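Q: How should the pocket and a helix beside it be read in this structure?

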Amino acid sequence: MESKARLFGHSVHQSLVAFPVGLLITAVVFDAIALLGGNAALVLISYRIIGAGLIAAAIAAPFGLIDLLAVPRGTRAARIGVLHAVGNVIVLLAFIGSWVLRWQHDGLPTVLALLLSFAGAALLLVTGWLGGELVSRMGIGVLDGAHPNAPSSLDRHAPMTVDGVPDHASVRR
């Protein structure tokens, strides 16, 4: 099922989601290093990275919602998509809570702020796996007719083909 929100032939959500995932996981890694006796300044960097991750998530999420609303109802993909979306809302709430607690303490994490970040990261690993299921196992966000010899997404006039037969539904007019 093709993504409904595409840019240059690629799913916008799949392209953007790497930023919030990478930023939020990096923040947790920095917190863990600081807790294990590493550089204490890393917690302040983590605070800023969480803020950037939340902004990146706010940009990526609407495109995921656009794609989710296009998934046929009553399918396994729809059920997994809802779990993915709801789980990610919980992830964002955990990281928002962590960020607010840090903000109230000049960027320094409280125990609760750290617990929220670590729990959010653990759930993010699960929701990321669910997103991978949607793309890799169920073909959500994948162009119809995709194959190893597909033309470039930048070639506006080359139709996708399935086994050498043009897939006219994927020709952009």
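A: Rolling a probe the size of a water molecule over the atoms shows where empty space is left. Here the largest pocket has a volume of about 660 Å³. A pocket is an open set of points on a 1 Å grid over the protein atoms alone, with protein on both sides within 12 Å along at least five of seven lines; the volume is the space filled by probe spheres set on the points. The model is predicted, local features need pLDDT of at least 70, side-chain atom pairs count only at pLDDT 80 or more, and totals for linings use all residues. Numbering runs from 1 along each chain as its sequence is written, and side-chain values use heavy atoms, without hydrogens and water.

Q: Which residues are the closest to the centre of the largest pocket?

A: Of 32 lining residues (an atom within 4 Å of a point), His13, Val17, Gly64, His84 and Asn88 are the closest. α4 gives the most to the lining, eight residues. Helices are DSSP runs (H or I, at least four residues), numbered from the N terminus.

Q: Where do the buried residues of α2 lie around its axis?

A: Buried means under 20% relative accessible area and exposed over 50%, with a 1.4 Å probe and protein chains only. In α2 the buried residues are Pro20, Leu24, Ala27, Val28, Asp31 and Ala34. They sit on the same side of α2 because their arc, taken from the directions from the helix axis to the C-beta atoms, is only 125 degrees. The face turned away carries the exposed Ala18 and Phe19.

Q: What do the buried residues of α2 pack against?

A: They pack against α1, α3, α4 and α5, with contact meaning heavy atoms within 4.5 Å.

Technical notes. On a 1 Å grid over the protein atoms alone, a cavity is a set of points where a 1.4 Å probe fits but cannot get out, and a pocket is an open set with protein on both sides within 12 Å along at least five of seven lines; lining residues have an atom within 4 Å of a point. Helices (H or I, at least four residues) and strands (E, at least two) are DSSP runs, numbered from the N terminus.
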